[in-house]
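Work through the exercises below with the sequence and the 3D structure at hand. Each task is followed by a solution in steps.

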Amino acid sequence: MSQAFDVVVIGGGPGGYIAAIRAAQLGFKVACAESNSYDDPKGEPRLGGTCLNVGCIPSKALLASSEEFEKINHHAADHGIKVGAVSIDSKKMIARKDDIVTKMTGGIQYLFRKNKITLLKGHASFEGKGADGYQIKIDGKDKETVTAKNVIIATGSKARHLPGITVDNVLICDNEGALKFDSAPKKLGVIGAGVIGLELGSVWRRLGAEVTVLEAMPSFLAACDVGIAKEAQKLFAKQGLSINTGVKIGDVKADKKGVVVNYTDSAGKAAKLECDRLIVSVGRVPNTDKLGLDKIGLKVDERGFIPIDDHTCATAAPGVYAVGDVVRGPMLAHKAEDEGVLVAEVIAGQKPHIDYNCIPWVIYTDPEIAWVGKTEQALKEAGVAYKAGQFPFAANGRALGMGRADGFIKVLADAKTDEILGVHIIGANASDLIAEAAVAMEFKAAAEDIARICHAHPSLSEVMREAALATDSRALNM
């Protein structure tokens, strides 16, 4: 007799494992299916998904290592610290990254045991639906079919590859290969000036690579507030990143000597990039194939996403939900986690909600970029009357003491009600500072609320307060 569960989660990434834990906390009998081993030495499925294994966590580990190297190599003297020759042990750096990933995946396994969640090892797909629930086939070492009253699809996404460009993750890499370089290439090419391309490109730039970024869009970081994007492009160029927008990629060839990218620049002129390695970072596509969705009457849209109810993440199949990268909205791990919690609570009969306008975005470059809410260009296009306040880190004592004076914070507020509509940051610790803005917006706070709250001195958070004051031309330190 097959195992029967109240909830089966397909996919053990951020959306999936968090959904499983929350469902177990609510008293359900839960199982989670995962098939990807992510190069596990024993070939065992590893929990955590792309984010933990070959995305967010390992890339941030490498970012931290490369930032430490650059600080010692180029900025220690500013603090009166004299150092000798500085070198990087790339193998040890990669090993440190791998150790962090292993520790984190082990932590999720512990949480599964703690919450009595059954791990189904293998690829899961729908077989159909019977009187007892949905039949799900687990194609692993131990082939079995389980039954579930409710199913949460959280299978994540994979890197988008360009036609005619073979990704071997040796010379031509996506995010997975770019996390495994054994040394910094002399010349690195990056196709795509998005989050992954900029973060990984900046890692290897700090470690000595000459980095050239080719972006098809005519503008840089189009999703960002225009002012932030302009500041970022200026600072990245100053650091040594060569960013080319409005290009059209032609043929790409790789041989023992390296990689050659033929392209047309923004002026329509033929150009060529010769590099030792190439990172292809042009977005991601949802993992919705091979799930057997047709067997339960579900179809994906033209982009491969599963259509859902925007409030509950429910699909057209009763009792089947989908979260994270397989549905509409930004492909962000924390968005997937919140949707996973929401679905578990919906199944329990609760009435949770997510305000997608209050989900923060972060790009972990140096300086970091973070934002929540609307951009200036979006407010203008919508015809919303707003007021803007901006304050630079260069006027903040803590930022100066840290040697991190680049960037600014911008607060956008409704011209009539003063409600905060958006906050945009480029600067040190932006990923942490944006949390205050997200909390304020969840509570429908006004810029005046942040302006009236006492912020610790000296701290970077004071820049948030000054930017809020600046919406009413009341900044105190400028």
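The exercises that follow concern a predicted model.

**Exercise 1. The antiparallel sheet**

Task: Find the strand order of the open antiparallel sheet that contains S18, and state which strands stand at its edges.

Solution.
Step 1. The sheet is open and has 5 strands, in the order S18-S19-S22-S21-S20.
Step 2. Strand S18 (361-363) and strand S20 (386-392) each have a single partner strand, so one side of each is left without a neighbour in the sheet. These two are the edge strands.
Step 3. From one strand to the next, the twist averages 10 degrees.
Step 4. For the pair at one end, S18 and S19 (residues 368-373) run antiparallel and are joined by 3 bridges. Within this pair, Ala370 in S19 is opposite Val362.
Step 5. The loop between S18 and S19 holds Pro367. The peptide bond that leads from Asp366 to Pro367 is cis, and its omega is near 5 degrees.
Step 6. Helix H11 (residues 430-442) lies across S18, S19, strand S21 (408-414) and strand S22 (420-427). The helix runs at about 10 degrees to S19.

**Exercise 2. The parallel sheet**

Task: Give the strand order of the open sheet with parallel pairing, and describe how H6 is placed on it.

Solution.
Step 1. The order of the 5 strands is S8-S15-S9-S10-S11.
Step 2. At the edges stand strand S8 (172-173) and strand S11 (242-244); each has a single partner strand, so one side of each is left without a neighbour in the sheet.
Step 3. Strand S9 (residues 187-191) pairs with strand S10 (residues 210-214) in the parallel sense, over 5 bridges. Val190 has Val213 in S10 as its bridge partner.
Step 4. H6 lies across S9, S10 and strand S15 (277-280), at about 175 degrees to S9.

**Exercise 3. Two valines**

Task: Decide whether Val203 and Val282 are buried, partly exposed or exposed, and list contacts of each that are far along the chain.

Solution.
Step 1. Val203 belongs to helix H6. Its relative accessible area is 0%, and buried means under 20%, so Val203 is buried.
Step 2. Leaving out residues up to four places away in sequence, Val203 touches Leu62, Leu63 and Ser66. The C-alpha atoms of Val203 and Ser65 are 8.4 Å apart, although 138 residues separate the two along the chain.
Step 3. Val282 sits in the loop between S15 and strand S16 (284-286). With 26% relative accessibility, Val282 is partly exposed.
Step 4. With the same sequence neighbours left out, Val282 touches Arg160, Leu162 and Ile191. Its C-alpha atom is separated by 9.1 Å from that of Asp174, a residue 108 places away along the chain.

**Exercise 4. The second largest pocket**

Task: Describe the lining of the second largest pocket by residue, by element and by class.

Solution.
Step 1. The space in this pocket is about 530 Å³.
Step 2. Its lining has 19 residues, and those nearest the centre are His75, Asp366, Gly403, Arg404 and Asp406.
Step 3. Helix H3 (56-75), helix H6 (195-206) and helix H7 (226-239) are the elements that give two or more residues to the lining. H3 gives the most, with 4 residues.
Step 4. By class, 10 lining residues are charged, 5 are nonpolar and 4 are polar.

**Exercise 5. Hairpins and backbone angles**

Task: Find how many residues lie between the strands of the hairpins S4-S5 and S12-S13, then examine the phi values of Asn169 and Leu221.

Solution.
Step 1. In the hairpin of S4 and S5, 2 residues lie between the strands. Strand S4 (residues 123-130) and strand S5 (residues 133-139) are antiparallel and paired over 7 bridges. Gly130 is opposite Gly133 in S5.
Step 2. The hairpin of S12 and S13 also has 2 residues between its strands. Here the antiparallel pairing runs over 6 bridges, and Lys248 has Thr264 in S13 as its bridge partner.
Step 3. Asn169, which is not a glycine, has a positive phi of about 55 degrees. Asn169 is partly exposed, at 30% relative accessible area.
Step 4. Leu221 has a positive phi near 50 degrees and lies in the loop between S10 and H7. At 11% relative accessible area, Leu221 is buried.

Note on methods. Residues numbered from 1 in each chain as written. Predicted model: local features only at pLDDT ≥ 70, side-chain atom pairs only at ≥ 80, totals over all residues. Heavy atoms only, no water. 1 Å grid on protein atoms, 1.4 Å probe; cavity = no way out; pocket = protein on both sides within 12 Å on 5 of 7 lines; lining within 4 Å. Points joined across faces, edges and corners; volume = space filled by probe spheres on them. Nonpolar A, V, L, I, M, F, W, Y, C, P; charged D, E, K, R; others polar. Pairing = 2+ DSSP bridges. Axes fitted to C-alpha atoms, helices over the stretch in contact; angles between N-to-C directions. Contact = heavy atoms within 4.5 Å. Buried < 20%, exposed > 50% of the residue type's maximum accessible area, 1.4 Å probe, protein only.
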